[in-house]
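Please look through the sequence and the model below before reading on. The report that follows moves from charged pairs to the surface and then to a few residues of the interior.

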Amino acid sequence: LADVDEKHDGLFLEEIQRVLVAVDLIGFHLASLDLRQSSDVISAVLGQLHQEYTSWDEPQKIAWLGTAEAPAPVDDDLVRVLQLVPQVQKHNGALGLHRFIVSHTESVLHLLEIFYLSRWYADAKLDIVPLFESIADMRAAPKIMAALFSHEHYMEHVRSRGMQQTVMLGFSDGTKDGGYVTCNWEIQDCKEKLTELAKAADVELIFFDGRGGPPARGGGSTHKYYAAVGEKIPLKDIQQTVQGQSISSYYGTHASAKYNLLQLLAAFGTPQTGVNEPVLKELAERAYTHYQALRADPDFIPLLTETTPLSLLGELNIASRPPKRSGDKPSSVENLRAISFVGAWSLMKVNVPAFYGFGLALEELIDDGRLDDVKDLYQHSMFFRVLVGNAAQALRKSYAPLTNYTEADPAFGRLWKQLRDEMQRTKDCLLQVTGQSELHMDDARAERSVALREAIILPLLTIQHYALVHWREDRQSTSWKKLLLKSIAPSINASRNSA
């Protein structure tokens, strides 16, 4: 402080003093870093380390991993990063970088591969965190974790880490893969089964939730979600991702941060009501069937790529990652990242992942004379009421008249009408279930916010789609392309339908 006063005329002296007082009172904390890589990239490294590895079956690979001495490292980015871990931990403490998240975990082998790689080359203890994203991954998770908890070397590691195991579930990619209702049910079911499994193994399970901001990315009201998970899932330690505009809108000011954190804390004191599994499970299974049929439609991805500015998203700095996982592969549901997938649908004002299949599933149960069963579910299951409220939010942000012109398109008119019909069907069925005369969100403040923002962005989206129609006719036109690029970021940000 003396140097600042003498050599720099006291510049920012008061600000520095406030920081020092804060550090003295509450301490100085660094955020922990996470390592994360896809399972296929990790497996490819093992293939480089041992020539015959790729030809072996899974039991052979697991047996070799458990007995092999550390092979000579290869010239690979993952190996180089692992070798840096001890240096990071030396300078920042063990918590500075203490876990490795394995994206697309599809087998116990995917976890054991990085477990042994980290032992060989990191020379430090890293918590291994599986990330179960797709519906198939979540359904396989209990079997995978059971195999992991029965592995001798891995359990020695868990014991050294205080018998704690973190599991990450991907709400965003799960919703993209299976639709909103099915994804939420599968996450709930997966958490309950993993909780029972961990309890039997005497392991404390910590869930790390990869939630997106809007319902179409598996998000929605965070505090209501945690208030509704039911008594079977522990809430002692909950971790979640907060991404993109959600950070600034929820925590960008002292007032908003205080409000949202208090709401989240209050969720943990809410009486948990359970989820009424049989009816909800049937709804989820029916919705999944219809959503998968939509995904299999040959015009599904072409509709998205041709009638929205999806192909231009990669030219804008509005997302944390590229639009596609692999830029040289054709667009597909699997290859498109959830951010760009949801963002493109929101620009069409049809939030497909958040509602498609829900209406068809509800209509089938209603036609079977089971409306009372669904009404009972709505009345007595907070979990289902939260799903309905979030779906209502997505529907309130959808506006079919904006792109009704697509019905006349010879290539996409049929599928567009199918999406529009499902949007209306979902609204109609939810009105029957809730008893409302007009579909409302379950948060009046949020509903007013949506109404205000929608009125502002609709004129901009009208201009955007006018430009899009002309750009499709003349892809060489820089004027139409520039107009599209200028209109994308404010549209997505104002609707808060991506991150």
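Which residue's side chain does D373 meet in a salt bridge, and what is the distance from N to O? The partner is R370, and the distance between N and O is 3.3 Å. As you follow this pair and the others below, please keep in mind that the structure is a predicted model.

## Salt bridges

The pair of D373 and R370 does not stand by itself, for both residues belong to a network of salt bridges that also links E282, R286, E364 and D368. D373 has a relative accessible area of 33%, so it is classed as partly exposed, and R370, with a value of 23%, is likewise partly exposed.

In total, the structure holds 27 salt bridges. Three of them are set out in the table, each with the N to O distance of the pair.

| Acidic residue | Basic residue | N to O distance |
|---|---|---|
| D373 | R370 | 3.3 Å |
| D127 | R161 | 2.7 Å |
| D409 | R472 | 3.3 Å |

The salt bridge between D127 and R161 has a distance of 2.7 Å from N to O. D127 belongs to strand 3 (residues 127-132), whereas R161 sits in the loop between helix 8 (152-160) and strand 4 (164-170), and therefore the pair ties together parts that lie 34 residues apart in sequence. D127 has a relative accessibility of 19% and so counts as buried, since the cut-off for buried is under 20%. R161, with a relative accessible area of 26%, is partly exposed.

The closest N and O atoms of D409 and R472 are 3.3 Å apart. Here D409 is placed in the loop between helix 20 (382-396) and helix 21 (413-434), while R472 is part of helix 22, so this salt bridge ties together parts that are 63 residues apart in sequence. D409 counts as buried because its relative accessibility is 17%, and R472 counts as partly exposed because its value is 29%.

## Surface patches

We turn now to groups of residues on the surface. D3, D5, E6 and D9 form a negative surface patch. One of these residues, D3, is found in helix 1 (residues 2-7), and its relative accessibility of 47% makes it partly exposed.

Which residues make the nonpolar surface patch of about 480 Å²? They are L1, L11, F12, I16 and L20. I16 has its place in helix 2 (residues 13-26) and, with a relative accessible area of 32%, is partly exposed. F12 lies in the loop between helix 1 and helix 2, and because its relative accessible area is 52%, it is classed as exposed. The backbone of F12 also deserves a look, since its phi is near 60°, which is a positive value in a residue other than glycine.

## K349 and the residues in contact with it

Is K349 buried or exposed? K349 counts as buried, because its relative accessibility is 0%. This residue is located in the loop between helix 16 (338-348) and helix 17 (352-355), and its phi, near 65°, is a positive value in a residue other than glycine.

Two further residues can be described through their contacts with K349. E454 lies in helix 22 (residues 444-473) and is counted as buried because its relative accessibility is 8%. When neighbours within four places in sequence are left aside, E454 is in contact with K349, R396, K397 and S495.

A400 is found in the loop between helix 20 and helix 21, and at 11% relative accessibility A400 counts as buried. With its neighbours within four places in sequence left aside, A400 is in contact with K349, W416, R420 and M423. From C-alpha to C-alpha, A400 and K349 are 6.7 Å apart in space, although 51 residues separate them in sequence.

## A pair of residues 40 Å apart

How many residues apart in sequence are A70 and G314? The separation is 244 residues in sequence, and their C-alpha atoms are 40 Å apart in space. A70 lies in the loop between helix 4 (58-67) and helix 5 (77-92), and, with a relative accessibility of 44%, A70 counts as partly exposed.

Key
Residues are numbered from 1 along each chain as its sequence is written. This is a predicted model: local features need pLDDT of at least 70, side-chain atom pairs count only at pLDDT 80 or more; totals for chains, interfaces and linings use all residues. Side-chain values use heavy atoms; hydrogens and water are left out. Helices (H or I, at least four residues) and strands (E, at least two) are DSSP runs, numbered from the N terminus. Buried means under 20% relative accessible area, exposed over 50%, partly exposed in between (1.4 Å probe, protein chains only). Contact means heavy atoms within 4.5 Å. Patches are made of residues with over 30% relative accessible area and no salt bridge: like charges are joined within 9 Å, nonpolar side chains (Val, Leu, Ile, Met, Phe, Trp, Tyr) within 5 Å. Accessible areas come from the Shrake-Rupley method with a 1.4 Å probe; for residues, only the protein chains shown count as cover. A salt bridge is a side-chain nitrogen of Lys or Arg within 4 Å of a carboxyl oxygen of Asp or Glu. Lys and Arg count as positive and Asp and Glu as negative; His and the chain ends are not counted. The place of a charge is taken as NZ of Lys, CZ of Arg, CG of Asp or CD of Glu.
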